[in-house]
Amino acid sequence: MKKRLSRSPILITLVGLLCLLVIGLNTVEYFRGEPFDQGDVMTLVMLFVLALHLFTWGTDFKMANDEMGKQITHHSATISYHISVLSLFVFWIVDRIVFLRKGDFGNISLFAALCFVLVLHPLVQFFVARRYR
């Protein structure tokens with residue numbers, strides 16, 4: 001009987017090579033004097049997220065969907081929500097201090113994002129709770 005090769009090391013290797021390729025291309029652009037744009041940054045962030053997902057769950061999709069996987073996902077979502085709220089608040093305060101903004105909301109986009117994140121969790125809880133009633 002043939003031993004089946006696991007897909008996890010192959011996927012991790014491919015994601016690693018893709019990350020190195022993107023980092024290499026961005027380094028070449030930087031040395032040519034071309035600035036980083038939003039596409040470069042988003043590509044790096046999405047590859048980082050993909051790599052983290054592969055390192056966390058591998059290719060075992062059943063593990064991510066079982067009871068323990070759902071508990072891990074729920075707990076990590078709650079922690080990341082609180083970290084997001086705190087970091088947006090700190091960024092908003094730093095923005096007001098650095099740019100000496102007094103008497104207004106400061107960076108209105110950052111303030112709107114902070115308000116949105118503060119309201120998001122209780123709003124989602126409300127709709128989820130109504131679903132179970």
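These are my notebook entries on a few helices, cores and surface residues in this structure.

**Entry 1: the model.** I am working from a predicted model, so everything below is computed from that prediction.

**Entry 2: helix α4.** I started with α4, which runs over residues 67-98. I checked its length against what a helix of this kind should give. At 1.5 Å a residue, its 32 residues should span 46 Å, and the end C-alpha atoms are indeed 46 Å apart, so the two agree. Next I asked which residues of α4 are buried. I found Gly 69, Tyr 81, Val 85, Leu 88, Trp 92 and Asp 95. Just after the helix, I noted that Leu 100 takes a positive phi of about 50 degrees.

**Entry 3: the largest core.** I looked up the largest nonpolar core and got eight residues: Tyr 81, Val 85, Leu 88, Trp 92, Leu 110, Phe 111, Leu 114 and Val 117. Both α4 and α5 (108-132) feed into this core, with at least two residues from each. Apart from this core lies another, made of six residues, and Cys 19, Val 22, Leu 47 and Leu 54 are among them. The general rule I had in mind is that nonpolar side chains tend to be buried together in soluble globular proteins.

**Entry 4: Leu 88 and Phe 111.** I then picked two core members and listed their contacts, leaving aside neighbours within four places in sequence. Leu 88 is in contact with Leu 110, Ala 113, Leu 114 and Val 117. Phe 111 sits in helix α5, and on the same terms its contacts are Trp 92 and Phe 105. I also took a distance from Phe 111 to Ser 80: they are 31 residues apart in sequence, and their C-alpha atoms are 19 Å apart.

**Entry 5: the nonpolar patch.** Which residues make the nonpolar surface patch of about 870 Å²? I wrote down Leu 86, Phe 89, Val 90, Phe 91, Ile 93, Val 94, Ile 97, Val 98 and Phe 99. I looked at two of these in detail. Phe 89 lies in α4 and has a relative accessible area of 40%, so I logged Phe 89 as partly exposed. Ile 93 is also in α4, and at 31% relative accessibility Ile 93 counts as partly exposed too. From Ile 93 to Val 119, 26 residues along the chain, the C-alpha separation is 19 Å.

**Entry 6: helix α1.** Last, I turned to α1, residues 7-31. Is Asn 26, which is in this helix, buried or exposed? Asn 26 is buried, because its relative accessibility is 6% and the cut-off for buried is under 20%. Beyond its neighbours within four places in sequence, I found Asn 26 in contact with Phe 36, Asp 40 and Leu 44. Phe 31 also lies in α1, but I logged Phe 31 as exposed because its relative accessibility is 69%, and exposed means over 50%. I compared the position of Phe 31 with that of Phe 91: 60 residues separate them in sequence, and 30 Å separates their C-alpha atoms.

Terms used:
Residues are numbered from 1 along each chain as its sequence is written. This is a predicted model: local features need pLDDT of at least 70, side-chain atom pairs count only at pLDDT 80 or more; totals for chains, interfaces and linings use all residues. Side-chain values use heavy atoms; hydrogens and water are left out. A nonpolar core is a set of buried Ala, Val, Leu, Ile, Met, Phe, Trp, Tyr and Cys residues joined through side-chain atoms within 4.5 Å. Buried means under 20% relative accessible area, exposed over 50%, partly exposed in between (1.4 Å probe, protein chains only). Helices (H or I, at least four residues) and strands (E, at least two) are DSSP runs, numbered from the N terminus. Contact means heavy atoms within 4.5 Å. The expected span of a helix is 1.5 Å times one less than its number of residues. Patches are made of residues with over 30% relative accessible area and no salt bridge: like charges are joined within 9 Å, nonpolar side chains (Val, Leu, Ile, Met, Phe, Trp, Tyr) within 5 Å. Accessible areas come from the Shrake-Rupley method with a 1.4 Å probe; for residues, only the protein chains shown count as cover. A salt bridge is a side-chain nitrogen of Lys or Arg within 4 Å of a carboxyl oxygen of Asp or Glu.
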